[in-house]
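Colleague: I would like a close look at one part of this model. Please take the cysteines and the cavity.

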Amino acid sequence: MNPSLKGQAALVTGADSGIGKGVALALAGAGAKLVINYAHNHDAAEATVAEIKAAGGEAFAVQADVSHEDQVKAMFAQMYAQYGTIDILVNNAGLQKDSRFVDMTLDDWNTVISINLTGQFLCSREAAREFIRRGVVEDRSRAAGKIICMSSVHEVIPWGGHVNYAASKGGISMFMKSIAQELAPHKIRVVGIGPGAIQTPINKSAWDTPEALDKLLTLIPYNRIGKPDDIGKLATWLASDEADYITGTTIFMDGGMTLYPGFADNG
Ligand code: NAD
């Protein structure tokens with residue numbers, strides 16, 4: 001199967017690194033034209049753009065902090081000025097600010113919730129407004145628009161020491177389902193992706209030594225760490241008409257991390 005996104009305009013937040021970059025490259029490979037959003041790393045965003053262009057695709061980079069309403073609105077305005085509209089939004093931007101619960105500062109809590117959860121609200125609202133205004137364009141997609149919310153296995157697996165992060169991902173689950181319910185009559189699909197351990201800068205300490213990787217693999221029945229390209233392929237399929245009847249659910253892509261591996265041998 002080789003899903004086509006030919007002629008569709010896609011915005012991926014946090015596309016200068018890790019999973020977002022993998023998703024952007026995969027969507028572009030399927031024919032979408034891309035907006036590469038980034039927060040700070042201009043050179044990395046331009047490198048993603050260059051990689052897409054070198055492969056014959058179309059892309060440009062836009063700086064915006066997804067937790068700021070004015071910056072999100074300005075980013076969508078830039079996208080509409082260039083591509084006229086949006087067909088696919090991938091809410092990927094996210095970060096961790098870890099600490100023991102009793103030591104967690106309000107600033108660490110607010111930063112993670114603002115970027116991981118409020119950022120998805122601000123971007124999804126802009127995209128949904130445009131999808132509803134424009135409606136279905138028959139020769140591009142059966143849907144008026146697609147929103148993919150990057151969640152995590154921690155939307156269902158509690159995570160001590162990372163309470164702000166787990167709360168943001170649990171929040172994304174109910175956010176995603178609620179807007180999917182509200183937007184389905186407009187032919188807008190909203191889906192979540194719940195990655196397990198994917199090899200990116202966000203979790204470098206969990207895979208950058210053989211000892212750390214061995215420990216991590218005890219949590220992954222399939223016995224390998226995931227790659228951004230794994231998530232890229234799933235996002236491409238979910239955004240395509242091949243997945244036209246999927247909305248309001250999270251697909252976990254985790255090598256079995258959500259299978260409670262601690263119970264594999266009688267618990
Ligand atoms: P990463 O650190 O490589 O990438 C994070 C991206 O978010 C970067 O591109 C960064 O620029 C962007 N970002 C951060 N703050 C931003 C802001 N305020 N505005 C705009 N962009 C901002 O990490 P990653 O692993 O690629 O993470 C991407 C997403 O995948 C996150 O939502 C993360 O929670 C999720 N995730 C990752 C894993 C994993 O194992 N790597 C597992 C589950 C979920």
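Why is the sulfur of cysteine 149 in no bond with the closest cysteine sulfur?

Modeller: First, the ground rules. This is a predicted model, so local features need pLDDT of at least 70 and side-chain atom pairs count only at pLDDT 80 or more, while totals for chains, interfaces and linings use all residues. Residues are numbered from 1 along each chain as its sequence is written, and side-chain values use heavy atoms, with hydrogens and water left out.

Now the sulfurs. The closest cysteine sulfur to that of cysteine 149 sits in cysteine 123, 10 Å away, which is too far for a bond. A disulfide is a pair of cysteine sulfur atoms within 2.5 Å. The structure holds zero disulfides. Cysteine 123 is in none.

Both cysteines are buried (under 20% relative accessible area, 1.4 Å probe, protein chains only). Cysteine 123 has a relative accessible area of 0%. For cysteine 149 the value is 0%.

Cys123 also lines the largest cavity, along with Thr13, Val66, Asn91, Asn92, Ala93, Ile115, Gly119 and Gln120. A cavity here is a set of points on a 1 Å grid over the protein atoms alone where a 1.4 Å probe fits but cannot get out; lining residues have an atom within 4 Å of a point. The count is one cavity of 30 Å³ or more. The largest has a volume of about 30 Å³, taken as the space filled by probe spheres set on the points.

Helix H4 (residues 106-134) gives the largest share of this lining, four residues. By class, the lining has four nonpolar, five polar and no charged residues, with Cys counted as nonpolar and Gly as polar.

Technical notes:
On a 1 Å grid over the protein atoms alone, a cavity is a set of points where a 1.4 Å probe fits but cannot get out, and a pocket is an open set with protein on both sides within 12 Å along at least five of seven lines; lining residues have an atom within 4 Å of a point. Helices (H or I, at least four residues) and strands (E, at least two) are DSSP runs, numbered from the N terminus. Buried means under 20% relative accessible area, exposed over 50%, partly exposed in between (1.4 Å probe, protein chains only).
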